[in-house]
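The exercises below are meant to be worked with the sequence and the model side by side. Each one sets a task and then takes the solution step by step.

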Amino acid sequence: MEASVDFVKKVKEEVPGIILENCASGGHKLEPKMMGICAMASFSDAHETEEIPIIAANLHRAILPRQSQIWAVIRKDDSLRRIGYSVANTFLGRMCLSGDVTELSDEQWDVIDRGIAFYREVAPIIKSGTSHRRGPKITSDRHPRGYQALIRYGKEKEAMVVIHCFHGELPETIEIELSGNLSGIAGVYSYDQKAELSWQDGKLCYHPKENMTAVAVHLK
């Protein structure tokens, strides 16, 4: 490991300004020293699985979200709901797109383009902020049930909430209490633009209608 770190340092000395990816998540190199000399890292090898948001949220405890590359691997046979779920995953880190991106329909690209626009809107919160997880305990990462909410507070009195609904029975209303004197909803991302959301007395309320779907909210 020391030799590996020394090699990366030598590369940076000989190529000033180079952007390096620590592409070894499976090699357990997501540790402070290696991440301190690399700009970013692939968060996991689980690029096409349903548990991406669980892994990505857990990694907020280990590395900075702005360094955590979250891959949305889009397939041409993906439903709009699945594409929205995959794109919302990337709000938990550094957005990366892959897959059949040259073979998608205009309707599929609309879901992605709206996600990219939302990501740019909340990028400062992802870059510099603090994270808080809400929701029930997920007892199986491989076969998740219930839901997960990740709150990310920014520095400019704003916040982002990303909610992923998994399998099983969901509550009629998911209530997320927030702090920071936020005034209300500034932007929403969902695959069908019909997410039922409300804001009252510092509480965000979401009424989920489907399993394996996601919604993200920007609050100011």
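Two strands are taken to pair if DSSP finds at least two bridges between them. The model is a predicted one, and its local features are considered where pLDDT is at least 70.

**Exercise 1. Work out the strand order of the open sheet of three strands, and find which strands stand at its edges.**

Begin with β7 (174-177), which is joined to strand β10 (residues 203-206) by four bridges in the antiparallel sense. Within this pairing, Glu 177 stands opposite Lys 203 in β10.

Next take β9 (197-200), which also pairs with β10 over four bridges, again antiparallel; here Trp 199 is the residue opposite Leu 204 in β10. β9 and β10 form a hairpin with two residues between them, and Asp 201 in the turn has a positive phi of about 50 degrees.

Putting the two pairings together gives the order β7-β10-β9, an open sheet with antiparallel pairing. β7 and β9 each have a single partner strand and therefore stand at the edges, with one side of each left without a neighbour in the sheet. Direction ignored, neighbouring strands of this sheet are turned by 20 degrees against each other on average.

**Exercise 2. Classify the ring pair of Phe 91 and Tyr 189, and place both residues in the chain.**

The structure holds four aromatic pairs. For Phe 91 and Tyr 189, the ring centres are 5.5 Å apart and the planes lie at 85 degrees, so the pair is edge-to-face, the class for planes over 60 degrees apart.

Then locate the partners: Phe 91 lies in the loop between α4 (80-89) and β3 (94-99), whereas Tyr 189 belongs to strand β8 (residues 185-189), so that the pair links distant parts of the chain, 98 residues apart. Both Phe 91 and Tyr 189 are buried.

Finally, widen the view to the other rings, where ring pairs link Phe 91, Phe 118, Tyr 119 and Tyr 189 into a cluster.

**Exercise 3. Decide how far α4, strand β2 and Ala 186 are enclosed or exposed.**

The cut-off needed here is that buried means under 20% relative accessible area and exposed means over 50%, with partly exposed in between.

For α4, seven of the 10 residues are buried, so this helix is largely enclosed by the rest of the structure; the buried residues include Ile 83, Tyr 85 and Val 87.

For strand β2 (residues 68-74), six of the seven residues are buried, and this strand is therefore largely enclosed as well. Strand β1 (residues 41-42) runs parallel to β2 and is joined to it by two bridges, with Ala 41 standing opposite Ser 68 in β2.

Ala 186, which is placed in strand β8, has 43% relative accessibility and so counts as partly exposed. Its C-alpha atom is separated by 24 Å from that of Gln 108, a residue 78 positions away along the chain.

**Exercise 4. Describe the largest pocket by its space and by the classes of its lining residues.**

The largest pocket has about 160 Å³ of space. Its lining includes Tyr 191, Asp 192, Lys 194, Glu 196, His 207 and Thr 213.

Sorted by class, the lining comprises four nonpolar, three polar and five charged residues. Tyr 206, which is also among the lining residues, falls within strand β10 (residues 203-206).

Definitions and conventions: Residues numbered from 1 in each chain as written. Predicted model: local features only at pLDDT ≥ 70, side-chain atom pairs only at ≥ 80, totals over all residues. Heavy atoms only, no water. Axes fitted to C-alpha atoms, helices over the stretch in contact; angles between N-to-C directions. Phe/Tyr/Trp six-rings, centres within 6.5 Å; stacked < 30°, edge-to-face > 60°. Buried < 20%, exposed > 50% of the residue type's maximum accessible area, 1.4 Å probe, protein only. 1 Å grid on protein atoms, 1.4 Å probe; cavity = no way out; pocket = protein on both sides within 12 Å on 5 of 7 lines; lining within 4 Å. Points joined across faces, edges and corners; volume = space filled by probe spheres on them. Nonpolar A, V, L, I, M, F, W, Y, C, P; charged D, E, K, R; others polar.
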